[in-house]
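The following exercises concern pairs of oppositely charged side chains. Please examine the structure below before working through each solution.

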Amino acid sequence: MSMRAWRFDALSSLSDLSVHSEPMPTPQRGEVLVKVRAVSLNYRDIAPTLGRYVWPAKSGLIPCSDAAGEIVSVGEDVTVFRPGDRVVSSFHARWLGGRPPPGLMLESYGTGSDGWLTEYKVEGSKNP
């Protein structure tokens, strides 16, 4: 089974955004699979392609840092979430409080790691 994901194949203009057919991801231990229902477009999501972002971005990434969706499956050892739960993205998935971890800004969605402009996305679950 495949899904659609939009990627900036280059970072020279907004026209570099193209749709790709990709394999459906499968959640592993501690992860959930989210059906993305809504994505918001913020200025910081397009700033790297305009050369106006404070950190360099990698080409080929899926943009967008804010989204809402529904969990469709869970990986092994996920106990807090279940299919059907509605969820929202967290801009800094690794930063839960206190001082930011080193390298946090370089791993942000759409600049250092794949963002949310996709039909499905696997993310880590934070079990308490």
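In this predicted model, a search of the whole structure finds 8 salt bridges. The exercises treat some of them.

**Exercise 1.** Determine which parts of the chain the salt bridge between Arg-7 and Asp-114 links, and classify the accessibility of both residues.

*Solution.*
1. The side chains of Arg-7 and Asp-114 form a salt bridge with an N to O distance of 2.9 Å.
2. Arg-7 belongs to strand β1 (residues 2–8), whereas Asp-114 is in the loop between β5 (86–88) and β6 (120–124); the two are 107 residues apart.
3. Arg-7 has a relative accessible area of 15%; as this is under 20%, Arg-7 is buried.
4. Asp-114, at 24% relative accessibility, counts as partly exposed.

**Exercise 2.** Identify the salt-bridge partners of Arg-29 in the loop between β4 and β5, and state how exposed the residues are.

*Solution.*
1. Arg-29 forms a salt bridge with Glu-76, their closest N and O atoms being 2.7 Å apart.
2. Glu-76 lies in the loop between β4 (66–74) and β5, and Arg-29 in the loop between β2 (17–23) and β3 (31–40), so this pair ties together parts 47 residues apart in sequence.
3. The side chains of Arg-29 and Asp-77 also meet in a salt bridge, at 3.0 Å from N to O.
4. Asp-77 lies in the loop between β4 and β5 as well, so its pairing with Arg-29 ties together parts 48 residues apart in sequence.
5. Arg-29 is exposed at 56% relative accessibility; Glu-76 is partly exposed at 49%, and Asp-77 is partly exposed at 46%.

Key: Residues numbered from 1 in each chain as written. Predicted model: local features only at pLDDT ≥ 70, side-chain atom pairs only at ≥ 80, totals over all residues. Heavy atoms only, no water. Salt bridge = Lys/Arg side-chain N within 4 Å of Asp/Glu carboxyl O. Helix = DSSP H or I, 4+ residues; strand = E, 2+ residues; numbered from the N terminus. Buried < 20%, exposed > 50% of the residue type's maximum accessible area, 1.4 Å probe, protein only.
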